[in-house]
Amino acid sequence: IIVSPTKTITNGYLLVEKGKIKEVGSVLLKSSNAIEIDCKGKTIIPAFIDLNSDLGMPKSTAVDRRRMSPDSRKENFFSWNEAIKPEFQSAENYTNNATANENLLKAGFGFVLTHAQDGIVRGTGSVISLGAHPVYTPLVAANVTTHFSLEKGNSQQNYPSSQMGSIALLRQTLYDAKWYHKNKATAGINLSMDALEKELENPIFFSTSEAVEILRGEKIAQEFELKFNYVGTGNEYQFIKQLKDLKATVIVPAYFPEAYNVNDPYINMEIPLKELKHWELAPSNPYLLASNNIPICFTFGKNKTEKDFWSHIRKAIER
């Protein structure tokens with residue numbers, strides 16, 4: 001029984017009562033009406049937690065037309081930009097889907113941190129239990145994290161139209177939140193700023209689309225005296241020297257590109273060297289981060305089945 005990263009019991013007992021683990025140890029006293037399940041030869045580990053998921057979140061791309069303003073289709077008591085939506089609360093918008101849960105359960109995941117993966121300021125994330133239980137609801141912890149990115153998402157506005165604009169918009173939003181905190185008594189109600197003010201006290205997750213965005217995100221974190229955790233893309237090895245002093249956790253995908261079919265020499269010439277190098281180095285990415293004392297977590301990511309997930313995990317361990 002693996003109790004924690006530092007504690008393993010080789011011949012132990014685990015007592016479950018009313019759906020919860022009550023006790024674990026080498027010797028346990030059990031009641032006379034307990035049912036004993038022999039797990040000899042097996043290993044019991046805690047369920048994994050996927051920290052980057054949009055499980056159960058609404059997939060609609062439609063803009064809420066009740067929130068209209070001259071520029072952004074939003075009413076003026078929200079942020080003026082559609083990519084800024086800290087008022088989105090994941091717990092209130094979660095829909096349980098047992099079918100969608102199944103792949104993660106088979107791979108060993110018991111919980112996910114789910115949020116709407118759309119926009120630059122994305123609102124909150126909530127911890128959801130994947131397993132069905134007759135008494136307990138799937139919601140474990142509601143609206144406990146905050147999520148940023150540099151992706152505009154489904155916003156219908158022209159701005160931002162570049163990553164430089166996304167960085168400027170995120171920084172301006174954080175400055176607006178600081179100003180609003182000092183002046184909200186006279187500034188009037190802004191529901192986006194009200195929400196963001198509270199959410200900045202949560203653990204913050206910054207999603208990236210390429211490794212260099214971690215460096216850009218870290219500059220923003222330092223500017224506003226915040227601590228970010230980063231959702232990586234698997235090519236962080238490209239900036240390992242710059243990331244060596246990163247004091248943050250990086251969530252990396254347990255997913256690596258498949259080998260190219262190189263039977264046709266004419267097609268081979270069209271495969272970019274950059275993609276070939278990524279195929280070669282991607283499975284080493286977790287090791288390179290961990291060996292440079294950068295804490296990592298795995299996410300199920302683009303894997304379609306539990307078999308895919310475990311084959312990639314084993315490949316990372318081999319590297």
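**Exercise 1.** Find how many cavities of 30 Å³ or more the structure holds, and say what lines the largest.

*Solution.* The structure holds one cavity of 30 Å³ or more. A cavity is a set of points on a 1 Å grid over the protein atoms alone where a 1.4 Å probe fits but cannot get out. The volume of the largest cavity is about 30 Å³, taken as the space filled by probe spheres set on the points. Its lining consists of Gly234, Val252, Pro253, Tyr255, Phe256, Ala282, Asn285 and Pro286; lining residues have an atom within 4 Å of a point. Two or more of these residues come from each of β11 (250-253) and α9 (285-291). Sort the lining by class: six nonpolar, two polar, no charged.

This is a predicted model: local features need pLDDT of at least 70, side-chain atom pairs count only at pLDDT 80 or more, and totals for chains, interfaces and linings use all residues. Residues are numbered from 1 along each chain, and side-chain values use heavy atoms, without hydrogens and water.

**Exercise 2.** Classify the ring pair of Phe109 and Phe309, and place both residues.

*Solution.* Start with the geometry. The centres lie 5.3 Å apart and the planes stand at 65 degrees, so the pair is edge-to-face (centres within 6.5 Å, planes over 60 degrees apart). Next, the location. Phe109 sits in strand β6 (residues 109-114) and Phe309 in helix α10 (residues 306-318), so the pair ties together parts 200 residues apart in sequence. Then check burial (under 20% relative accessible area). Phe109 is buried at 2%; Phe309 is buried at 2%. Finally, widen the view: Phe48, Phe109, Phe300, Phe309 and Trp310 form one aromatic cluster.

Conventions. On a 1 Å grid over the protein atoms alone, a cavity is a set of points where a 1.4 Å probe fits but cannot get out, and a pocket is an open set with protein on both sides within 12 Å along at least five of seven lines; lining residues have an atom within 4 Å of a point. Helices (H or I, at least four residues) and strands (E, at least two) are DSSP runs, numbered from the N terminus. Ala, Val, Leu, Ile, Met, Phe, Trp, Tyr, Cys and Pro count as nonpolar, Asp, Glu, Lys and Arg as charged, and the others, Gly among them, as polar. Rings of Phe, Tyr and Trp (its six-membered ring) pair if their centres lie within 6.5 Å; planes under 30 degrees apart count as stacked, over 60 as edge-to-face and the rest as tilted. Buried means under 20% relative accessible area, exposed over 50%, partly exposed in between (1.4 Å probe, protein chains only).
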